[in-house]
Amino acid sequence: MIKSIIKGTGKFVPPNLVTNKDLEKIMDTSDEWIQQRTGIKQRYWIPEEGVTGASDLGLEAAKQALDEAGWTPDDLDFIIFATLSPDIMFPGCGCFLAAKLGLNSTPTLDIRQQCTGFLYGFATADAYIKTGLAKKVLVVGGEVHSSGLDKSTRGRDVTVIFGDGAAAVCIEGVDTQESVGLLASALHTDGNFAESLMAELPASRLPQRNPPGVSLDDPRYFPVMDGPSIFKKAVRLLPKVTHEALEKAGIGLDQIDLVIPHQANKRINQAFGQFLKLPEDKIFHNIEKYGNTTAASIPLALHEAIEQGRIGKSGETVLFAALGAGLTWGACIYRFL
Ligand SMILES: CC(C)(COP(=O)(O)OP(=O)(O)OC[C@H]1O[C@@H](n2cnc3c(N)ncnc32)[C@H](O)[C@@H]1OP(=O)(O)O)[C@@H](O)C(=O)NCCC(=O)NCCS
């Protein structure tokens with residue numbers, strides 16, 4: 001039976017390190033507030049000069065993942081790019097990334113499921129692999145948030161939490177009878193809460209997507225978030241979707257070696273761990289270094305967890321879980337070959 005196996009991972013963050021102290025200089029916030037509420041100490045933003053899109057960050061991460069897998073771009077049957085911050089409104093980042101990899105006919109797909117984007121991407125790759133539509137798939141999560149954030153005090157609740165970055169995973173269909181690969185995924189959406197985290201403009205649904213006369217300082221151009229409501233939803237839905245995925249995989253929580261949650265807020269992940277009654281060392285955190293990199297956050301954490309030897313040995317099992325704008329949420333369980 002064909003299983004979806006991770007062959008390589010890669011990550012890339014832009015060089016511009018922005019500490020909480022740096023943010024204190026441009027808005028009314030404090031290092032203490034940010035660390036206490038979110039666990040974040042720093043994040044990376046693209047340079048203020050020049051042109052850097054999510055596809056550029058994704059390219060560097062993809063090259064690293066391809067190297068580790070021992071693949072060239074020509075080996076790829078399919079590219080999936082998860083992002084909420086595409087380089088431009090259209091075409092999608094997958095098109096740009098494929099061209100930057102030197103490809104001119106490999107199929108690509110962009111996924112717009114925000115913080116859950118990588119999980120939707122992994123599940124889609126798995127479906128393509130298991131139905132024989134593809135054998136070697138590249139899944140990339142990449143975001144450039146910094147160019148679209150409200151860097152005045154008005155936007156401080158959102159701006160302090162987001163960072164730019166990308167990560168990539170090479171996934172291959174391998175024929176084996178062993179219980180390995182993507183064991184289960186449970187994915188959900190509830191669009192009734194779309195407004196609790198969104199950027200409203202530009203909006204194709206309007207007669208003119210950039211309404212005439214609006215100033216680029218109009219708050220609708222910037223992401224707005226009902227933070228407390230999302231926090232409560234995350235703490236309730238993440239444990240629930242975890243149990244759903246465990247049930248689908250037919251395994252217990254005791255068989256999970258490491259939980260890699262989306263890195264949105266360290267307090268959310270600590271509460272999630274407490275609900276599951278997990279020892280602290282079974283939950284992976286790196287939000288303090290990168291902030292919330294949305295679709296990049298889970299693969300970036302996976303790459304670092306493997307690098308640090310926290311996960312990755314044959315037979316070890318990792319659980320990914322995320323909730324974010326949409327609202328979308330989900331969990332995937334993966335066992336290493
Ligand atoms: C955003 C978040 C960190 C805010 O933390 P919180 O404990 O809920 O804080 P509150 O929203 O209650 O804000 C408390 C106060 O801090 C202020 N505040 C907000 N951002 C601030 C900042 N960056 N610096 C200083 N003060 C800030 C608020 O204005 C509020 O002031 P008030 O009490 O005078 O009105 C938290 O709600 C969160 O992480 N939510 C979930 C985010 C998430 O998971 N999103 C989905 C994935 S992207």
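Reader: Happy to be looking at this one with you. Between which helices does the loop with T29 lie?
Author: This is a predicted model, and in it T29 belongs to a loop rather than to a helix or strand. The loop connects two helices, and they are α1 (20-24) and α2.

Reader: Is T29 buried, partly exposed or exposed?
Author: Let's count neighbours: 17 other C-beta atoms lie within 10 Å of T29. A buried residue would need 20 or more, and an exposed one would have 12 or fewer. The count falls between those limits, so T29 is partly exposed.

Reader: Which residues does T29 touch, leaving out those up to four places away in sequence?
Author: T29 and D157 are 128 residues apart along the chain, yet their C-alpha atoms are separated by 9.0 Å. With the sequence neighbours set aside, the residues that T29 touches are L23, E24, I34, R156 and V160.

Reader: Good, now the ligand. Which element gives the most residues to the shell around it?
Author: The ligand is surrounded by 20 residues, and the closest are T29, R156, D157, G227 and A264. Two or more residues each come from α2 (31-38), α6 (156-159) and α7 (227-249). The top contributor gives five residues, and that helix is α7.

Reader: How do the residues of that shell divide by type?
Author: Three residues of the shell are charged and six are polar. The remaining group is nonpolar, and its count is eleven.

Reader: Where does the ligand lie relative to domain 1 and domain 2?
Author: Domain 1 covers 2-175 and domain 2 covers 181-335. Because both give residues to the shell around the ligand, its place is between the two domains.

Reader: Let's turn to α8. Which elements do its buried residues pack against?
Author: In this helix, residues 266-276, the buried positions are K266, I268, N269, F272 and G273. They span an arc of only 160° around the axis, so they sit on the same side of α8. Their packing partners are α2, α7, β11 (258-261) and α9 (287-290).

Reader: Which residue follows α8, with a positive phi?
Author: The phi angle there is near 60°. The residue is K277.

Reader: And the whole protein: what is its radius of gyration, and how does that fit a compact globule?
Author: The fold has ten helices and 13 strands, and buried residues make up 48% of its 337 residues. For a chain of 337 residues, a compact globule would have a radius of gyration near 20 Å. The protein's value agrees with this, at 19 Å.

Technical notes. Residues numbered from 1 in each chain as written. Predicted model: local features only at pLDDT ≥ 70, side-chain atom pairs only at ≥ 80, totals over all residues. Near = placed C-beta within 6 Å. Helix = DSSP H or I, 4+ residues; strand = E, 2+ residues; numbered from the N terminus. Nonpolar A, V, L, I, M, F, W, Y, C, P; charged D, E, K, R; others polar. Domains from an automatic or database assignment. Arc of directions from axis to C-beta. Contact = placed C-beta atoms within 7 Å. Rg over C-alpha atoms; globule rule 2.2 N^0.38 Å.
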